[in-house]
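Work through the exercises below with the structure open beside you. Try each task before you read its solution.

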Amino acid sequence: YNVRANASTDKAFSIGRFVTGLPPFSKKKNAENKWSLHKEGLQGRQLTDKMLEKYNRKPWILEDETGQYQFQGHMEGSQSATATYYLLMLHGKEFHAFPAGSW
C-alpha cells in the first residue's frame, strides 16, 4: 500500500480506547444516530485560569443524540517532541495519514 500524508489541517483527530466494548456506531454513511464529544459543564462561559484548570480535569463525554449511550474518558497522553502518532485511513488502494493530536 502507498501511504500519503494528508495536506488538510482543518480537522483535529483524537483516538479513543473503549475498555468496555465498542459503542454501537452505525456503519451506514447516512446514519440517523449522531454522536457528540464534549466536556460536562461550563459551556458558553468565559473561563478564568482557575476555572480552566478545573475544567481540564473533567472527563470527556461521548454520547449519542438520544442520550441512551454515554461513555466517559480522560486524556491519557498527547504528542511530544519524541513521538508523533498518525491515524491511517484506507482510501481506495492507499492510506491517508492524519496526525493525531490526543488520545
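Accessible areas here come from the Shrake-Rupley method with a 1.4 Å probe. Keep in mind that the model is predicted.

**Exercise 1. The whole protein**

Task: Describe the surface, the burial and the fold pattern of the protein.

Solution:
- Start with the surface. The accessible surface comes to about 8,700 Å². Carbon and sulfur atoms hold 52% of that surface.
- Next, burial. The protein has 103 residues, and 18% of them count as buried.
- Now count the elements. There is 1 helix, and there are 7 strands.
- Read them along the sequence. The pattern is β-β-β-α-β-β-β-β.
- Finish with contacts. Take those with a separation of 6 or more: 49% of them join residues 24 or more positions apart.

**Exercise 2. The open sheet**

Task: Give the strand order of the open sheet, then find its edges.

Solution:
- The sheet has 3 strands, in the order β3-β4-β5. Their pairing is antiparallel.
- The edge strands are β3 (35-39) and β5 (70-73). Each has a single partner strand, so one side of each lacks a neighbour in the sheet.
- Check the turn between strands. Neighbouring strands of this sheet are turned by 20° against each other on average, direction ignored.
- Zoom in on one pair. β3 and β4 (residues 60-64) are joined by 5 bridges and run antiparallel.
- Look across that pair. H38 has I61 in β4 opposite it.

**Exercise 3. H96**

Task: Is H96 buried or exposed? Which residues does H96 touch?

Solution:
- Locate H96 first. Strand β7 (residues 94-102) contains H96.
- Apply the cut-off: buried means under 20% relative accessible area. H96 has 18% relative accessibility, so H96 counts as buried.
- Look at the side chain. H96 and E94 share a side-chain polar contact of 3.4 Å.
- Now skip residues up to four places away in sequence. H96 then touches R4, L87, L88, M89 and H91.

**Exercise 4. F98**

Task: Where is F98, and how far is F98 from K11 in sequence and in space?

Solution:
- F98 sits in strand β7.
- Its relative accessible area is 10%, so F98 is buried.
- In sequence, F98 and K11 are 87 residues apart. In space, their C-alpha atoms are 9.3 Å apart.
- List the contacts, leaving aside neighbours within four places in sequence. F98 is in contact with N6, F13, Y85, Y86, L87, M89 and H91.
- Compare with H96. L87, M89 and H91 appear among the contacts of H96 and among those of F98.

Definitions and conventions
Residues are numbered from 1 along each chain as its sequence is written. This is a predicted model: local features need pLDDT of at least 70, side-chain atom pairs count only at pLDDT 80 or more; totals for chains, interfaces and linings use all residues. Side-chain values use heavy atoms; hydrogens and water are left out. Helices (H or I, at least four residues) and strands (E, at least two) are DSSP runs, numbered from the N terminus. Buried means under 20% relative accessible area, exposed over 50%, partly exposed in between (1.4 Å probe, protein chains only). A polar contact is a pair of N or O atoms within 3.5 Å; within protein, one must be able to donate a hydrogen and the other to accept it, and residues adjacent in sequence count only if both atoms are side-chain atoms. Contact means heavy atoms within 4.5 Å. Two strands pair if DSSP finds at least two bridges between them. Axes are lines fitted to C-alpha atoms, for helices over the stretch in contact, and angles run from 0 to 180 degrees between N-to-C directions.
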